Amino acid sequence: MSDNKSNWPLWEVFVRSRQGLGHKHVGSLHASDAEMAIGNARDVYTRRQEGVSIWVVPADSITASSPSDSEALFDPANDKVYRHPTFYVLPDEVNHM
Amino acid sequence: MRLGDDALVLAQRLGEWCGHAPALEEDIALTNIALDLIGQAQSYLTLAGSLDQDTPKSDDELAFLRTDKEFQNLLLLEQSNGDFGDTIARQFLFDKFALLRAEHIAQQTFDLDAAAVAAKAVKEIRYHADHSSKWILRLGDGTQESRSRIQESLNNIWKFTGEMFTADEVDIAGVASGLLPDLSTLKVQWDTNINDILEKATLVRPEDGLMQTGGRKGVHTDELGIMLAEMQVLPRTYPGASW
């Protein structure tokens, strides 16, 4: 039945909740096209009032960073506190930005 | 009562798909629809049960203690599920009807309680109708096999569609009061909606032959008795049980 697997590709589902500002990843499902994916996502992932907006993306379109690279990608940011706006003390005259 | 019975019988049938649908997502879709229908059944049957002021009945009493002769659902809805295509065909033909009916009841002012129930139902049925229509399109305008099978499903079930538009004295009284829609007007709209989808799905609308009726009067096919036996066995064996 490998035919079916290729006809119903995997989609990643992102849902924005009523109080939320951004879509969060909630899981994945299979569907044959985008419209069906939205319908399935509505049925599977918003049953318990989880959300008010759905995005579906073909799983193939998503590129993820590799865990083995995480040291090189993310560790160097750990000791660069000057990249945070709160690091800087503003003179009183301009302190109300 | 009829609105409640329609919803209840269809819900019970759809519930039979739980764990058996062709795909996980579809299993959840069908059972979600069943849950929506149970909600509608509960609301309508509660209203119906309260109408008899001398011996009011609860929705559970009506659902689980009446015999098949006392049920007033459409024959279309009590038929066995068959395969997925048969279920979708039944759903599609009913949903389009149910939506028009609910839209009418939601905006009438003769019975505000019923209007409230119908207003909520409209949102649910709109989704059900969308879901079944999309499947008709996929199956019809799909492969050779899917098209011939869904066509056969529609052909087999067509003889039960006439009942939806057959008015009896209850319907006539309902139209007079404003509560119920005029079924012949409804049929015109239903025909347009159905034909539109069937055409896009490259399917042929079955010929109108002899139509089977009787459900509204409690004259049912064997299917209902068997279905109710399973549905009602628990409350009948252990009256007053709860969990």
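Me: Which pattern does chain B follow when read along the sequence?
Reply: Keep in mind that this is a predicted model. Chain B holds 10 helices and zero strands. Read from start to end, its pattern is α-α-α-α-α-α-α-α-α-α.

Me: What is the mean pLDDT of chain B?
Reply: For the model as a whole, the scores are ipTM 0.77 and pTM 0.87. Within chain B, 100% of the residues reach 70 or more. The mean pLDDT there is 93.

Me: What radius of gyration does chain B have, next to what a compact globule would have?
Reply: The C-alpha atoms of chain B fill a box of roughly 55 × 40 × 30 Å along the principal axes. For 243 residues, a compact globule would come out near 18 Å, so the value for chain B agrees with that. The radius of gyration of chain B is 18 Å.

Me: How much of chain B is buried?
Reply: I'd take contacts first: of those in chain B with a separation of 6 or more, 72% are between residues 24 or more positions apart. As for burial, counting over the 243 residues of chain B, the buried share is 40%.

Me: Which helix gives the most to the largest nonpolar core?
Reply: That core has 55 residues, and those with the most contacts inside it include Ala7(B), Leu37(B) and Leu93(B). Several helices of chain B supply at least two residues each, among them H1 (2-15), H3 (59-65) and H7 (144-157). The top contributor, with 12 residues, is H5(B).

Me: Which residues is Leu10(B) in contact with, leaving aside its neighbours within four places in sequence?
Reply: Leu10(B) is among the residues with the most contacts inside the largest nonpolar core. Leu37(B) is on that list too. Once the neighbours within four places are set aside, the contacts of Leu10(B) are Leu37(B), Leu77(B) and Phe94(B).

Me: How many residues are in the second, separate core?
Reply: This one includes residues of chain A, namely Leu29(A), Met36(A), Ala41(A) and Ile54(A). It is separate from the 55-residue core. Its residue count is 11.

Me: Which helix gives the most to the side of chain B that touches chain A?
Reply: The contact takes eight residues from chain A and seven from chain B. On the chain B side, H2 (24-51) and H6 (112-140) each supply at least two. With four residues, the one that gives the most is H2(B).

Me: How do the residues on that side of chain B divide into nonpolar, polar and charged?
Reply: There are seven residues from chain B to sort. The split is three nonpolar, two polar and two charged.

Conventions:
Residues numbered from 1 in each chain as written. Chains lettered and ligands numbered in written order. Predicted model: local features only at pLDDT ≥ 70, side-chain atom pairs only at ≥ 80, totals over all residues. Contact = placed C-beta atoms within 7 Å. Nonpolar A, V, L, I, M, F, W, Y, C, P; charged D, E, K, R; others polar. Rg over C-alpha atoms; globule rule 2.2 N^0.38 Å. Buried ≥ 20, exposed ≤ 12 C-beta atoms within 10 Å, placed from the backbone. pLDDT = per-residue confidence, 0-100. Core = buried A, V, L, I, M, F, W, Y, C linked by C-beta atoms within 7 Å.
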